[in-house]
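Here's a quick tour of one model, with an eye on its charged side chains and one of its helices. Have a look at it first, then read on.

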Amino acid sequence: MKGAAIPAVAIMPSPLFLWRFKAILFLLWGLCCCKIGWDSVMRMSADLRDLFLYEAFLYYNPLLLVALMIWLWGVNLWVFAQSSVNYAKVFDLAQTHLSHREIWRCATWLTLIVPTSMTAYLYLYSHGEVSLAASQPVLLYAILLMILFSPFDMFYISSRFYFLRTVWRIILPLQAITFPDFFLADIFTSMSKVFSDLERSVCRMVNRQVATIAWFEADSICGSHSIAIPLALVFPYLCRFFQCLRQYKDTKEKTCLLNALKYSTAVPVIFLSALKYHVFPEQWVSFYRPLWLISSVINSLYSFYWDIKRDWDLSILTRIFMFKNPSIWTNLLYGQNWVFYWVLGSNLVLRCTWTYKLSAHLRHNYLTVFAIAALEILRRWQWVFFRVENEWNKMTAKQNLEMSSDMPSEGDRLLDSSNNHTV
């Protein structure tokens, strides 16, 4: 009709267009951070450059590794959602648990703010604003802690409290150990380097040594010879050790003691390495270093054996990649022999290289240690697939056994029918 109002139609961009737009913005942001950070480092004198990078890397590399772990955990959840593994039931999660998309959203924000803070630190320090530069990592850590412990109904409060409650149960295993308890504790053992660097960073922040060279003295309270370094490295293994003892107390299964023995083999690796800074060089070369090498081999091979024999069920390996809706990933991964050999080979190699990271006397090459720590997180991400699948298979087998035991047998049904028959 003439004169009738034509309703306005809102034109919404397609999801693909939005995704590409965000990816372009993310790429531009990354290039800007790299350019500003590189120019800032090049402004410094060559003799201070490496020392300055080592300090900046210490504050931010643990958070980058945490971001990597969150990204990969989102991939785990995506694969579980595509397969028949009910991960929500395995971890006893509420219906409001985070999906893989929400996990990736958290990882995206962390990936954005950590390099941004690091870029600001490099820029301010290289331009003489030392006090402002020193405030950057302090502000970042304070903001992340406030978000994590915030009591307000924001930033996924139920998931945050579930995580904090599980961490508390790991630190104090005074109750029966559940699957989420030892699963998260196992992940923490792969992030022991993260805890060690966090301890070093907080130590320098508390003692006001950020953006200074006061910590450069190895024997200072925050120096590289501090006893707190091996203590932070060994803490996740001790938590897992006491969990195994608690499980043995509850179940009386001897495998719990064998598992506790596995985690105890990491203790000599860590403390023998730390002894290098507290004994004479001749003693280290002739006595302590051979002991460290032997303990490293024992820890690596024992851990590898336990992964293959106990944590995984190789008879059903790669079944997790049999998706509900077949895709290219199903054809590439499901039932393929190369996946079997890759899992075994990569797990063995990375178990051995992980010992490098546990050794305090090898920490000076921070880029190599960071790369090995990232590879260990990738190994743990690979481990998660088969560990969760194995637990889900145990749960379904137990349920099927209970259902079959509740059903009357053929003989019982015949006996009942004969008792009910009247002559």
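Is E199 buried, partly exposed or exposed? In this predicted model, E199 is partly exposed, with a relative accessible area of 23%. That puts E199 outside the buried class, because buried means under 20%. Its salt-bridge partner is R200, and R200 is buried at just 2%.

R200 belongs to helix 8, where the buried residues also include S192, K193, V194 and M205. The helix runs over residues 192-206, and its 15 residues should span 21 Å at 1.5 Å a residue; the end C-alpha atoms are 21 Å apart, so the two agree. Just past the end of helix 8, R208 takes a positive phi of about 55 degrees.

Now for the charged pairs. Side chains of opposite charge can pair when their charged atoms come close. The count here is 10 salt bridges, and three of them look like this:

| Salt bridge | Closest N to O distance |
|---|---|
| D186 and R240 | 3.2 Å |
| R200 and E199 | 2.7 Å |
| E391 and R387 | 3.5 Å |

D186 sits in helix 7 (residues 179-190) and R240 in helix 9 (residues 228-251), so their bridge ties together parts that are 54 residues apart in sequence. Both D186 and R240 are buried.

E391 and R387, on the other hand, share helix 15 (residues 366-406), four residues apart, or about one turn of the helix. E391 counts as buried at 17% relative accessibility, and R387 does too, at 6%. There's also a network: salt bridges with shared partners join D307, R351, E376 and R379.

Technical notes. Residues numbered from 1 in each chain as written. Predicted model: local features only at pLDDT ≥ 70, side-chain atom pairs only at ≥ 80, totals over all residues. Heavy atoms only, no water. Helix = DSSP H or I, 4+ residues; strand = E, 2+ residues; numbered from the N terminus. Expected span 1.5 Å × (residues − 1). Buried < 20%, exposed > 50% of the residue type's maximum accessible area, 1.4 Å probe, protein only. Salt bridge = Lys/Arg side-chain N within 4 Å of Asp/Glu carboxyl O.
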